[in-house]
Amino acid sequence: MRHGVGTGVRIALGLCLVAAGAQAQRGRGRPDFSQMLGDPNSYYTPPDFRGNEPYDGRFTFARIKYRGFAHFSREGPGWSHDYPRSESHLMRIMRDVTSIRPFIEDGPRMGGVIVALDSPELFKYPVSYLSEPGGWFPNEKEIAGFRDYLLKGGFIIVDDFGGMSDWANFTAQLQRALPKAQLVQLTGKEPIFDAFFKIDLNIIQRTYRGSPVYFGVYEDNDPRKRLILVANYNNDIGEYWEFSDQGFAPVPLSNEAYKIGVNYLVYALTH
Amino acid sequence: MSNALRALFEFLFKYRPLVFAKGELALGAPWPVLAIVVLGAAAIAPAVLSYRRSQGKTTPRDRMVLRALRVAALAVLVLCLARPILLLSEAVPRRNYVGLLLDDSRSMRIGDRGDRRRADFVRDSMLGDRGSVIASLRRRFQVRTFAFGGETHVLESSDTLAFAQRESRLTDAMEQARQSLDAVPLSALVVVSDGADNTRAPLADELVALRGKEIPVFTVGVGAERFGRDVEISRVDAAREVLAGSALAVDISVRQTGFRGATLPLLVEDERRVIAHGEVSFTRDGDAQQVRVGVPLTQPGLHVLTVRVAPQPHEQVAENNAQPLLVRVRGGREKILYVEGEPRYELRFVRAAVDADSNVQLVTLLRTADQKFLRLSVDDGNELAAGFPVSRAELFKYRAVVLGSVEASFFTRDQLQMLADFAAVRGGGVLFLGGRRAFGEGGYAGTPLADAMPVVIEGTALPDSLTFLADLRATLTPAGLSHSATQLGDAAAPAERWRALPAVTTVNRIRRLKPGAVTLVSGATPPDGRAGAPGETVRGYVQPILAYQRYGRGFTAALPIQDSWTWKMDASIAVDDRMFETFWRQLLRWISSESPGRVQAELAPDQVNKGRAVEVHAVVTDSNYQRLNDAPVVAHVEAPSGAVRDVPMEWVVDRDGEYRGAFTPDELGAHTVRVEAHAGTALRAADTVVVRVADLDDEFVGAEMRGDLLRRIADETGGRFYTPATVGRLADDIALTKRGVTVVNRLDLWDMPAVFLLLIGLLGAEWTYRKARRLA
């Protein structure tokens, strides 16, 4: 089934999108206490960040950062949650199970790079990761960078969001960048779930209240073409990556999270 | 020798230089030579003795001078008494024949003799009863006149000379005239022509035959040896067959006179529609330039392109401003095997670039993990199911191979040799991409592929380790400027377009090309860029970005960078920029388009005038591309009307795998020739080529009078070369050839004015000396 979401659900999502859109554009997707933490137009710097490894052609995990302090926790704003252990662990897995030899660490630098959507550096990393889009309120320049990135051939993994508010904000921002883009629920039969491992989406990784649902945007909205974006709604596979060495979740579930991550990256590098 | 000098010579010596050259000197006096010597001594002795006896006021020097002058004068007189003569064989009037060959081709219509055409000279001097040259020939010889062009025939009436033939087969004409006059006493052949010769048989063979028969050829060159003002497309070269969507590289040779400092536009037309532009500049008068123009061809089928330079004001000949070019555009899908050792951006973007290309099938074998492969764009589940091909037959099915970042140890030694043979024996293209597991870094040093690579590999074989990194900014080399692989669509200034591209990176230290390799795109580290191994900084680092070399029957190319995808993804590149896609589509077409099939057919020529023979030449190989002898091979020729005939192809016994046949098309239009090789009753392989039959204007290429060719014909056969200004003595000169029925004439030399002048001079000198020395 290509469009797995029922009509009713799609209508509801659409209504939420419209309702939330105006709020989201003004950066008011939820009560905004984050302004109390600092300048909403500045970027937070994670304490473990030691600068970006200079580009050298290796596959490097690229985490997208956004301005402000929305969804702030002890790990910083939403975009920086799970940094850098999440990507560091995933890259080690990539090195061990695939023929890819990614950047893992170089001295104090580990995991990957952090890039902004309005930075030219973003375009050196055609695969990138956006965490907690519920707190993502990009300006026009970032929206333009996001749009160009996807249209030129970039691939974005959107992770760690759930609930109607997050969904509404994410879809609203996506619509700003790509007004014609259609988010399609993925069924598990798509090539991305067979790019390296055979993924069974029925193995639930529950980190939000609802069940995880996987969405994607196809190039030109044509399912025969490649996916340019995948969104793990009601899920946080980055969390599994981050804590896989600490017993946060049963090993089989952490494995599934890794398998999904590996598949996403192999797919992005081959399709 | 100038006319004035020639006239002076003839006044002093009575006869022309040719007479002296052809004649033999002798003494014609009725007395014995001894008597003349005695008489001379008797005359000279008193003079010598008289100077000894009377010394007077003279010094010894005076006496020596005067004695010498007197003796010389007396010696001249004695020589005259001996009556020197010249024995000269001359043709007996009207007993011998001359074959007169008149050029009847279209190029004789060119008006480069002041306001007169070349043909006018033929009409005025060589035809009818009033023609001065023909009249003098007829006084001495029986003249058989032939008209020649594409065909040679006896000229019965001057009315049949229309100067309309589309070829000048001069060599054939001389051979035909020689054979038809074989039974008569032939003094010479006379060729009146502008020297154009479209004969395919070698001229040297005919000259040997003429020398063997001792038949001199007298040539009369009509026309200017150098035009005052003319531009000409003298040659057009390009691949005869390309894949749809390719940028065909057309090499155009342009000659000119009178256009020093000019820049002229070149056009390439397809069905009168301009599809490509170029321009050619000339720094010196008489320059010939070769330029390359990239021509996009998208529609499959036969294309008759016209390469043209627009007629210029006051140009001598307009018919040589265009040349046709026959190109067959294949519409099929080329299978290219891409082997990649790791999932990486380069693979993903390259595949995306050609994904929508209906003419390229990039069959991909990707190692995603140890012993785990992902196959993409395969025809069925069996293709590459066992990994990389283990037999030549399996590998050689592909038209080209791309090797990505995959280390040498991935392959067996046999597979490495097969890859080298893919270019050397199969004739395909192999493209080596850069990466951490490629070139020297991939451990290829010392393998058969190291020999095949167009670059000298360096670097330590430490796969996956960063042993070297350099930023490179691309620059198009002169060779790359018009190469089909580097054409970027509509980019008007390709060099600037390449220079403006963002920098890419390489992890392969490559600085030297193999001898014979060519760099198309060069890379240099920008001032703020990185170059070197970790901890090392190399200043001014330069390495090829795209280079290639011929390798055996095929070729190999290297693109030793790891991220050409930057040319698509970089922030400075516009979203709708198609440069990257265009580059890769052209690159893959280039490496695959020259790959021959198992039957490789060629036609010579591929454009002919109606009624001219066409040779079919084919190389036939088996599935391993080993040449196959004595196979049943036939060419099916389909005329435009649909009529089909079979031309048997014979194995050329001294050339492995080569077969030849010939046919003569008798219809105008494109004839399709399908050459089939069979194994028993089954079809083994086939190839299709096309010949265009049309009214061609080859006559006007190199249309200046070819004096060098006509002089060579005359010199090598013992004849002479004339122009309309010097042709007046033609008949007299032919008479001295000693050919046919001749008579020996005795020509007196004692009464030459030069003799009298010498005598008077000697006596006058003696008198003048005496006066000067006050001895008289």
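This is a walk through a predicted model of two chains, A and B, from its confidence scores down to single residues.

Let us begin with how far the prediction can be trusted by its own scores. The model as a whole has an ipTM of 0.87 and a pTM of 0.76. In chain B the average pLDDT is 90, and 98% of the residues score at least 70. A general caution still applies: where pLDDT is low, the predicted coordinates should not be read in detail.

Chain A makes a good first stop. It has 271 residues, 51% of which count as buried, and its secondary structure consists of six helices and nine strands. If you look at the contacts in chain A with a separation of 6 or more, 75% of them involve residues 24 or more positions apart.

Now turn to where the two chains meet. Chain B brings 28 residues to the contact, while chain A brings 20 residues. On the chain B side, the elements that supply two or more residues are α9 (345-355), β17 (360-369), β18 (372-376) and α15 (566-569). Of these, α9(B) gives the most, with five residues. Sorted by class, this side of chain B has 15 nonpolar, four polar and nine charged residues.

To find your way around chain B, it helps to have its domains in mind. The assignment gives domain 1 as 3-89 + 745-772 and domain 2 as 93-223 + 704-740, followed by domain 3 (230-321), domain 4 (334-593) and domain 5 (599-693). Taken over C-alpha atoms, the centres of domain 1 and domain 3 of chain B are separated by 68 Å.

Two sheets of chain B are worth a closer look. One is an open sheet of three strands in the order β1-β2-β39, with antiparallel pairing. Its edges are β1 (24-27) and β39 (742-748) of chain B; each has a single partner strand, so one side of each is left without a neighbour in the sheet. On average, and ignoring direction, neighbouring strands here are turned by 35° against each other. Four bridges link β1(B) to β2 (residues 84-91) of chain B in the antiparallel sense, and in this region B:L27 stands opposite B:P84 of β2(B).

The other open sheet has four strands, again antiparallel, in the order β29-β31-β35-β34 of chain B. Here β29 (599-604) and β34 (650-651) of chain B take the edge positions with a single partner strand each, so each has one side without a neighbour in the sheet. Between β29(B) and β31 (residues 614-620) of chain B there are six bridges, and the two strands run antiparallel. If you would like a residue pair to look for, B:Q600 has B:V619 in β31(B) as its bridge partner.

A helix comes next. In α7 (residues 170-180) of chain B, the buried residues are B:L170, B:T171, B:D172, B:A173, B:M174 and B:A177. They pack against β3 (96-103), β4 (141-148), β5 (152-154), β6 (186-193), α8 (203-212) and β7 (217-221) of chain B.

Finally, B:R130 offers a view of a loop, the one between α5 (118-126) and α6 (132-140) of chain B. Is B:R130 buried or exposed? B:R130 is exposed, because just 9 other C-beta atoms lie within 10 Å, and 12 or fewer is the cut-off for that class. From B:R130 you can also look across to B:E340, 210 residues apart along the chain: 83 Å separate their C-alpha atoms.

How values were computed. Residues numbered from 1 in each chain as written. Chains lettered and ligands numbered in written order. Predicted model: local features only at pLDDT ≥ 70, side-chain atom pairs only at ≥ 80, totals over all residues. Pairing = 2+ DSSP bridges. Contact = placed C-beta atoms within 7 Å. Nonpolar A, V, L, I, M, F, W, Y, C, P; charged D, E, K, R; others polar. Buried ≥ 20, exposed ≤ 12 C-beta atoms within 10 Å, placed from the backbone. Axes fitted to C-alpha atoms, helices over the stretch in contact; angles between N-to-C directions. Domains from an automatic or database assignment. pLDDT = per-residue confidence, 0-100.
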